[in-house]
Structure formats: C-alpha cells, structure tokens
Amino acid sequence: MNQPLTVTAAQKAGPKLTAGLVGAALIALLILPLLHLLPESHALHLSAYGLTLTGKILCYAIVALALDLVWGYAGLLSLGHGLFFALGGYAMGMYLMREASGDQLPAFMTFLSWTELPWYWAGTQHFLWALCLVVLAPGLLALVFGFFAFRSRIKGVYFSIMTQALTFAGMLLFFRNETGFGGNNGFTNFRSILGFPITAPGTRAALFIAIVLLLAASLAIGFALARSKFGRVLTALRDAENRLMFCGYDPRGYKLFVWTLSAVLCGLAGALFVPLVGIINPSEMSPTNSIEAAVWVALGGRGTLIGPLLGAGVVNGAKSWFTVAFPEYWLFFLGALFIVVTLYLPRGILGLIKREKEQ
C-alpha cells in the first residue's frame, strides 16, 4: 500500500517544519489584502485585479484539494466537480441578487415577464439560509448520487463518465431561462453583501481573507483525514478494494463520506468565488472545467494535498498569461501539459521532487 506523499514528507521533515512552511504561506496570503488596502499611490499597493485573480486561483485550489480527497485517496476520478462548485456559487448568487433587487424581482426575471419568485427562491434574501443552501445543494446531490453509484459498485472509468454526464446535464438545465437561474447570462451586477458595497476595497479584502481561511480549514481537514485510520482505509480502498472487503470493511460508507465532503468543500469555494469575481453562469458547470481540475491534481501530484494546490496555481497562472498573450494557443498548451504529466510525471511535481531527493 502506498502511503500518501505528504504523510511521508511530514514524517521525514517533522511536523514542526511542515506546519511552519504551511503557516508561512498562509501568512503571506493574509498580507495581500492588507497591501490592497494601501493607497493606490503606494509602491506596495496591490490592485483589485491582482487580488481578485489571486482569490480566484485560491478558490480553484480548494476545488483541486477537494478532488484530491476523492481521487488521490479513494481512487475515484470525478469529472463533475465543476457542478458542485457552481451550485455553491448559484446559492450565494441568489442571495446577492435578492439583496441587489430589494423588494423587487431580480432584473432577469423582470425582463422575462415573471410575476413572482419560484418556490425554491423562498428565503434566499436571508444570508444564513443562503449559507445553508451553499452546503445543502451540492452536499445532498452528492449524497444521493453517491449512494446509488456506490451501492451499485460503479467505479473506474464508468464512474468518471457518470460524473461528467451529471455536470453536463446540470449545465444544460441551468442554460434554460425557465429554470429561474438567469439562463446563459447567469447572475451578475451584484451590489452588496451583508449591506457592504461588494466592490469596496474593504469588502474585497474581507472576502479574500475568508477564502484563505477556507483553504486553511480544508488543508487541516485533509491532513487530519490522511493521518487517521479513516485515511489509511481510503488508501487501502484505492489500492486494493477487494482485499479491504475481505478484511471486513464496507467501502461504500467511506466512499460516500469523502465524496460528500468533497462536494461541500467545492460548494463553499464556489460561494466565495461569486462575490469576489462578480458573476456566475452555467459555463462554470462545463465538463471542460472539471477536466481542468483533474489536470491540476495530476500536475501537482494526487494523494498529496499540497500538490493539487501547486497544480491549480501553476495551471491557472499560466492560463491567465496565455489567454492574454496567446489566446488561440491556450487549449493546445493545456493538452500538451496533460500529455507530459501522463507520460513523464505520473506522480506530479511533488513526486518528481521526492524522486530527485531519493537519488
């Protein structure tokens, strides 16, 4: 049974060094919103674009970490995590649209000549209920889907295809105007959150800090699971499921728990993504986005927790540069990157570093 690379590294380097490196990185991220609050004339001022782009990448990093929990540890390659991310974003977007419209219907409903809110919009003017929806929408969908999929012992490529079909169906559903989610335009033109102007530097800085805290909490949960008996059962499930069943374990409960937890983390990331970036539409559910998330995890090193964060940062940073400098070549770069990782970096960046140290 292969032990997760992060656990092995922590054992060799010591928990204090590992915690120190992670803590230093988190402190560096927490300094960024303070730089954003400096006057624009200050030499160290961080622009709104820079802070928003970094926050966007951190949200994607949380998605990569969530995918690593199910793929790197349980061996379940999901190609539908973009759906959970978008559901959390739409749940938060409903609250933001209600706050922007006040006592009136949201602008897109007025344009479509709607006369009343659909029943599933009830209570979305309350922030606490919106937070509940952020957790419940992706969590319950993952719970129901996972229950039937794992009960039927669907795994491997068949599981991946089903998750991709699920997110594609969700995208088609949300593209329709009559579903009440803004159609292909989605939600935008947000004005405030909890009464604070959404474009104000202080609000933007607070949202960024919340993203960093969510990332830290996700890492803490991931490390706690990896070092526990539950994490060892997951790796055994990934490497030899039949042997695990022979030992008396029922893998369905373990799969269902980590699958649902992963979906909830994606939903929370999507909920913070929307007010920071200012838009959510069905394109976030595109199967391409979920495939990109798998590339992030593979590039960084699956089953490492830290690796997927690096992969998300590298790929999305390169994407931001390529789409400006060479927009027509971005997809070729992504495809070439996936091929290189598959052929020459099967254990990702962290796996390559570990191999170099052993030589």
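Student: Where is Thr235 found?

Tutor: Thr235 sits in helix H9 (residues 229–239); helices here are DSSP runs of H or I with at least four residues, strands are runs of E with at least two, and both are numbered from the N terminus. Keep in mind that this is a predicted model, where local features need pLDDT of at least 70, side-chain atom pairs count only at pLDDT 80 or more, and totals for chains, interfaces and linings use all residues. Residues are numbered from 1 along each chain as its sequence is written, and side-chain values use heavy atoms, with hydrogens and water left out.

Student: What makes Thr235 buried?

Tutor: Buried means under 20% relative accessible area, exposed means over 50%, and partly exposed is in between (1.4 Å probe, protein chains only). Thr235 has 3%, so buried it is. The side chain of Thr235 also reaches the backbone oxygen of Arg232 at 2.8 Å.

Student: How do you know that the span of helix H4 agrees with what it should be?

Tutor: The expected span is 1.5 Å times one less than the number of residues. Helix H4 (residues 81–101) has 21 residues, so it should span 30 Å, and its end C-alpha atoms are indeed 30 Å apart. H4 is mostly covered too, with 20 of its 21 residues buried. After H4 comes Gly102, with a positive phi near 65 degrees.

Student: Why is the pair of Trp121 and Phe187 called edge-to-face?

Tutor: Rings of Phe, Tyr and Trp (its six-membered ring) pair if their centres lie within 6.5 Å; planes under 30 degrees apart are stacked, over 60 edge-to-face, and the rest tilted. That rule gives 30 aromatic pairs. For Trp121 and Phe187, the centres are 5.7 Å apart and the planes sit at 70 degrees, so the pair is edge-to-face.

Student: Why does that pair tie together parts 66 residues apart in sequence?

Tutor: Because Trp121 lies in the loop between helix H5 (107–111) and helix H6 (127–151), while Phe187 is in strand E1 (residues 187–188). Trp121 is buried at 0% relative accessibility, and Phe187 is buried at 0% as well.

Student: And what makes Phe322 and Phe333 a stacked pair?

Tutor: Their planes are 20 degrees apart, with 4.5 Å centre to centre, which fits the stacked rule. Phe322 is in helix H13 (residues 306–325) and Phe333 in helix H14 (residues 330–344), 11 residues apart. Phe322 has 16% relative accessibility, so it counts as buried, whereas Phe333, at 25%, is partly exposed.

Technical notes. A polar contact is a pair of N or O atoms within 3.5 Å; within protein, one must be able to donate a hydrogen and the other to accept it, and residues adjacent in sequence count only if both atoms are side-chain atoms.
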